[in-house]
Each structure stands twice: as C-alpha cells, then as structure tokens.
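Please walk through this structure region by region. The report below takes each site in turn.

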Amino acid sequence: MVDELVTVYDADGNETGVAPRSRVYAEGLWHGSAGVLVRSTDGERIYVHRRTTTKAVFAGMHDCLAGGVVDPGETPLETATRELAEELGITDVPLTPLAAAAWDGQWIGKPMRCHLFAFEARCDGPLRHQPEEIADGWWWTDAELARHLADPDWPFVPDTRVLIPELLRLRQHP
C-alpha cells in the first residue's frame, strides 16, 4: 500500500509542506481536510452516513460530510469536489463554502490536528456509495441530526462534531 502524501499546515492554517499520511497521523501534524454537507434540494434533509470499519481513522463512525485530506497541490474546494464524487458519486453540483474550523483532539491516544474546510451541496441523488469508504447512509432532518449529536456517546466523527452544531444553530437563527 502506498503511503500517500498529505498537505501539512501550521496551527494558524497556513500550508507548510507535505508529509506521508502515516507520519501526519503518528505525529499529530496539522493537516487539512475538506468535506461536503449534502442537503436535499429543498434544504430540509441532510445526508448522514456510516464509515466502513476498515477506514484508517474514525472507522465505523457516523459523519455528515463526504470528504478527505487535502492532497498536495489541491485547494480545499478541489479536495471537496473530488471526495464528493468518489464517496457519493455526486458530480456537477455547485459547492458553497460553509465554514472552516480547527480541530485539535485525540484519536486512539495520539494527537490529531486538522483544519476542516466545509462546503455544502444541494442534491437529491441518486447517490452511489464508495464501498471502501461508506457502509450505509440515510437522510435526516436537522432536528434528527441535532438529537443524535446531543448524545456524546453516539459514534460520530469528532472533527465534524465540532462544526455541525454551530452550522445547525446558525441555520435556525440567521
């Protein structure tokens, strides 16, 4: 298996170079990831999915962003566009920037630091799961997602968990 290169950032979100993914995860280097929140075209539902148990990070957890790490030479928008096509088979839809957040946490006892760039797409499907990445998926309302996120024991990707409640709150109270 090839140890792919990942764009490395500093704590302030500035690109500083590249490093192998294994080193980024082992040493907790700041890196970038981009993800897309998929909303139905009427804006009433969000696509939530469960990651496969074979994922290197956050295996088997739920998420509502289709995304991945920023590859060298890519912008976060390019990463988001690529990942949306790979993971859910969605192409040719506009992506709207939603937010950026820094996550400085732990994963399996090691530091994990990520600058998360979130975008939104409007699409009703059809969706095609990438079998290596996504085990299952379904549509939820904002309220259904918020109820699940309120449970700290619900297995949800932690970097997205810091971002989504604020996005849901802002949507309710613009």
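## Asp159

Asp159 is buried, with a relative accessible area of 10%. The model is a predicted one. Asp159 sits in helix 4, which covers residues 158-172.

Which residues does Asp159 contact beyond its neighbours within four places in sequence? They are Ser33, Phe58, Trp103, Cys114 and Leu116. The pairing with Ser33 spans 126 residues of sequence. In space, the C-alpha atoms of Asp159 and Ser33 are 9.8 Å apart.

## Phe58 and Asp92: positive phi

Phe58, one of the contacts of Asp159, has an unusual feature to check in the backbone. Its phi is positive, about 55°, although Phe58 is not a glycine. Phe58 belongs to the loop between strand 4 (46-51) and strand 5 (62-63). With a relative accessible area of 5%, Phe58 is buried.

Asp92 also has a positive phi, about 60°, and is not a glycine either. Asp92 lies in the loop between helix 2 and strand 7 (96-107). Is Asp92 buried or exposed? Its relative accessibility is 80%, so Asp92 counts as exposed. The cut-off for exposed is over 50%.

## Cysteines

Cys114 is another contact of Asp159. Cys114 counts as buried, at 3% relative accessibility. Cys123 is buried too, with a relative accessible area of 10%.

How many disulfides does the model contain? The count is zero. A disulfide would need two cysteine sulfur atoms within 2.5 Å. For Cys114, the closest cysteine sulfur is in Cys64, 14 Å away, so the gap is too far for a bond. For Cys123, the closest cysteine sulfur is again in Cys64, at 16 Å, which is also too far for a bond.

## Glu83 and Glu87

UniProt, in an unreviewed entry, places the feature "binding site" at Glu83 and Glu87. Both Glu83 and Glu87 are included in the lining of the largest pocket.

Glu83 is in helix 2. Its relative accessibility is 8%, so Glu83 counts as buried. Leaving out residues up to four places away in sequence, Glu83 touches Ala66, Gly67, Gly68 and Leu88.

Glu87 lies in helix 2 as well. Glu87 is buried, with a relative accessible area of 3%. Beyond its neighbours within four places in sequence, Glu87 is in contact with Ala66, Gly67, Arg128, His129, Gln130, Glu133 and Ile134. Ala66 and Gly67 thus appear in the contact lists of both Glu83 and Glu87. What does the side chain of Glu87 reach at 3.3 Å? The partner is the backbone nitrogen of Gly67.

## Nonpolar cores

The largest nonpolar core has 18 residues. Val36, Val38, Leu84, Leu88, Leu95 and Phe119 touch the most other members. Elements giving two or more residues to this core are strand 3 (30-39), helix 2 (76-88) and strand 8 (110-122). Which element gives the largest share? Strand 3 does, with four residues.

Leu95 shows how this core is joined up in sequence terms. Not counting residues up to four places away, Leu95 touches Val36, Leu77, Ala80, Thr81, Leu84, Phe119, Glu120 and Ala121. Another core lies apart from this one. That core has 17 residues, including Trp140, Leu145, Leu163 and Leu167.

## The cis peptide

Where is the cis peptide bond between Gly125 and Pro126 placed in the fold? Pro126 is in the loop between strand 8 and strand 9 (134-140). The cis bond joins Gly125 and Pro126, with omega about 5°.

## The annotated domain

UniProt lists residues 29-162 as "domain: Nudix hydrolase", from an unreviewed entry. Over residues 29-162, the chain is 19% helix and 41% strand. The C-alpha atoms at the two ends of this stretch are 19 Å apart.

Methods: Residues are numbered from 1 along each chain as its sequence is written. This is a predicted model: local features need pLDDT of at least 70, side-chain atom pairs count only at pLDDT 80 or more; totals for chains, interfaces and linings use all residues. Side-chain values use heavy atoms; hydrogens and water are left out. A nonpolar core is a set of buried Ala, Val, Leu, Ile, Met, Phe, Trp, Tyr and Cys residues joined through side-chain atoms within 4.5 Å. Buried means under 20% relative accessible area, exposed over 50%, partly exposed in between (1.4 Å probe, protein chains only). Contact means heavy atoms within 4.5 Å. UniProt positions are given in the numbering used here, feature names are shortened, and annotations may be inferred rather than shown by experiment. On a 1 Å grid over the protein atoms alone, a cavity is a set of points where a 1.4 Å probe fits but cannot get out, and a pocket is an open set with protein on both sides within 12 Å along at least five of seven lines; lining residues have an atom within 4 Å of a point. A polar contact is a pair of N or O atoms within 3.5 Å; within protein, one must be able to donate a hydrogen and the other to accept it, and residues adjacent in sequence count only if both atoms are side-chain atoms.
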